[in-house]
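Let's take a walk through this structure, helices to begin with and strands after that. Keep the viewer open as you read.

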Amino acid sequence: MLPRHSWRTAAALRRRLYEILEHGTIGDRTGRLVGRLIVLLIIINLLAITLESVPEFQARYRPLFTVIELFSLAVFTVEYGLRLWVSVEHPPYRHLNGRKARLKFMTSAFGIIDLLAVLPFWFAFALPPDLRVVLVFRMVRFLKLARYSAGMRSLLEALYTERRALFGCLVILVGAALLAASVMHLVERHVQPDKFGTIPDAMWWAIVTLGTIGYGDVIPMTPLGKIVASVTIFLGLIMVALPVGIIATAFANQIHRRDFIVTWNMVARVPLFAELKASDIADIMRLLRAQQVEPGVVIARRGEPAHSMYFVAEGEVEIELKHKHVRLGGGHFFGEVAALRRARRSATVTAVTRTSLLVLDAHDLHALMAREPRIAERVREVVRSRVGRDIVTPKGDLITEELEEADMLDQPQGEASS
C-alpha cells in the first residue's frame with residue numbers, strides 16, 4: 001500500500017494531466033500547446049493516410065509513412081491511456097468510483113473515438129494481409145478534431161438538438177419517395193417495364209430525383225410521366241431545403257450561445273460600472289471579451305496567478321472556499337483585485353451551469369484606468385469599500401485577502417510596516 005504522500009502526489013499529477021488534456025482551466029498555456037500539437041499530429045496523420053493510397057507516393061515515401069503511423073500510434077495510445085486514467089476527474093464522474101468513471105468514459109462518444117483511433121492498427125498486427133483493409137478506419141482520427149474544434153462541437157450539438165426534427169424530415173422524404181415511385185410506376189410501367197415495372201424499380205428514380213441528383217439514367221417517356229417528374233423535382237427542392245434550414249438555424253444558435261455579443265446594456269448592468277457615464281461604458285465594452293464556459297469547467301483555481309477579472313453575464317458559478325461553497329449568478333463578478341495586483345487566486349471558481357462570462361484582462365484594465373481617471377477612482381473606491389467584509393460579498397467579490405494586500409501596497413512604507 002502506498003504512503004499517504006504518494007497518493008496525494010499521484011492525485012495532484014492526475015488532476016494536472018486532466019487540466020492539460022481536457023482544458024480544465026481557462027488560460028492554461030500548457031493545455032493549449034498540447035491541444036495544438038495533437039491537432040497538428042492528427043492533420044499530418046490524415047494527410048499521410050490519404051497520400052499513402054497513391055501507389056507512386058507509397059513506393060517512394062513508404063518508410064516516412066511508416067514512421068508517421070508508428071509515431072501517431074504511440075502518441076494516440078498514450079493519450080488514450082492518460083485520458084482513461086484522468087477520467088475520474090471529469091465533473092460528471094466524480095461521484096463514481098474509479099472503475100465506473102473509466103467505464104463511463106470508455107462508452108462515451110469521445111472515448112469510443114479515441115479507442116477507434118488506435119484499435120485498427122493494433123488489430124492489423126493480428127490480421128492476415130488480405131484483411132488489413134480495416135486500416136482504412138484510421139480515418140476516424142478526423143473525428144478527434146471535434147474535441148479541439150469549437151465549431152465542430154457546435155455542429156454536433158446542433159445535430160443532436162434537432163435530431164427529432166431531422167428524423168421527421170427523413171420520414172417525410174421516405175414517404176415522398178414511396179408516393180412518387182408508386183405514381184410513376186402506374187404511369188410508366190407499360191412504356192418502360194424494365195425501369196418502372198415495379199415500385200422498387202421506380203424507387204431508384206424517385207430517390208435520385210428527390211435528392212436533386214438526377215443522373216439521367218432513368219427518365220419518363222410519357223407526357224403524364226414528365227408532369228409527375230416535374231412535381232417530384234419541386235418536392236425534392238423542398239426536401240433539401242428543410243434539413244438545411246433546420247441545421248443552419250440550430251448551428252447559428254449554438255454559435256451565438258458560445259460566442260455571444262457584448263452589448264452596452266450587458267455592461268451597464270454590472271454593478272461595478274452602474275454609475276459610469278455612457279462613454280465610459282462604451283470604452284469598457286470594447287475591452288471586454290465574451291467567453292462561454294461549459295458546466296464543470298474550472299474558471300479560476302486557488303493558488304494560480306491571476307490575469308483577468310470576470311463578470312457573470314448568464315449562468316451560475318460556484319466558489320470553493322476553505323470552509324464553505326458559495327454560488328454567484330448573473331450580474332456578479334469576481335477577481336477584480338487580481339486584475340489590479342495580479343496576485344494569486346485565493347479560491348477556486350467552477351461553472352455550475354453553462355455560463356456566459358465577460359472577461360477583462362489586467363493589462364486592459366490598467367490601460368483604461370490610466371486613460372480615464374473617473375474609471376480608476378470608481379474601481380479603487382469599490383475595491384477599498386470591500387475590505388473587512390465577508391470573503392464573499394453580495395456583489396460577488398471573493399478575494400478579500402488580495403484586497404487587504406492591495407491596500408497595504410497602496411500605503412506608504414512606514415504605515416504598512418506599522
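Bear in mind that you're looking at a predicted model. Start where two helices touch: L173, A176, A177, L178, A180, A181, S182, M184 and H185 on the α9 side meet I199, A202, M203, W205, A206, I207 and L210 on the α11 side. Sorted by class, that contact has 14 nonpolar residues, 2 polar ones and no charged ones.

How do the two helices sit relative to each other? Two packed helices are described by the angle and the distance between their axes. Here the axes of α9 (residues 163-188) and α11 (residues 199-210) come within 8 Å and cross at roughly 125°. Angles over 115 but not over 145 degrees count as oblique, so α9 and α11 are oblique to each other. As for handedness, α9 passes α11 in a right-handed crossing.

Now slide along to the loop between α9 and α10 (193-196), where you'll find Q192. Is Q192 buried or exposed? Its relative accessibility is 8%, and the cut-off for buried is under 20%, so Q192 counts as buried. Once you set aside the neighbours within four places in sequence, Q192 is in contact with G197, I219, P220 and M221.

On to the strands. Strands of a sheet pair through backbone hydrogen bonds, either parallel or antiparallel. One open sheet here has 4 strands in the order β1-β8-β3-β6, with antiparallel pairing. Its edges are β1 (289-293) and β6 (333-334), each of which pairs on one side only. Further in, β3 (residues 308-314) and β8 (residues 355-361) run antiparallel and are joined by 6 bridges. If you want a spot to check the register, look at E314, which stands opposite S356 in β8. Lying across β3 and β8 is helix α16 (residues 362-371), which runs at about 55° to β8.

Finally, have a look at β4 (residues 317-320). In a regular strand the side chains alternate between the two faces of the sheet. Along β4, V317 and I319 point to one face and are buried, whereas E318 and E320 point to the other and are not.

Which strands does β4 pair with? One is β5 (residues 325-328), joined to β4 by 4 bridges and running antiparallel to it; a hairpin links β4 to β5 through 4 residues. Another is β7 (residues 348-351), also antiparallel to β4 and joined to it by 4 bridges. V317 is a handy marker for both pairings: it stands opposite L328 in β5 and opposite A351 in β7.

Note on methods
Residues are numbered from 1 along each chain as its sequence is written. This is a predicted model: local features need pLDDT of at least 70, side-chain atom pairs count only at pLDDT 80 or more; totals for chains, interfaces and linings use all residues. Side-chain values use heavy atoms; hydrogens and water are left out. Axes are lines fitted to C-alpha atoms, for helices over the stretch in contact, and angles run from 0 to 180 degrees between N-to-C directions. Angles under 35 degrees count as roughly parallel, over 145 as roughly antiparallel, 65 to 115 as roughly perpendicular and the rest as oblique. A crossing is left-handed if the near helix is turned anticlockwise from the far one by less than a right angle, and right-handed if clockwise. Contact means heavy atoms within 4.5 Å. Ala, Val, Leu, Ile, Met, Phe, Trp, Tyr, Cys and Pro count as nonpolar, Asp, Glu, Lys and Arg as charged, and the others, Gly among them, as polar. Buried means under 20% relative accessible area, exposed over 50%, partly exposed in between (1.4 Å probe, protein chains only). Two strands pair if DSSP finds at least two bridges between them.
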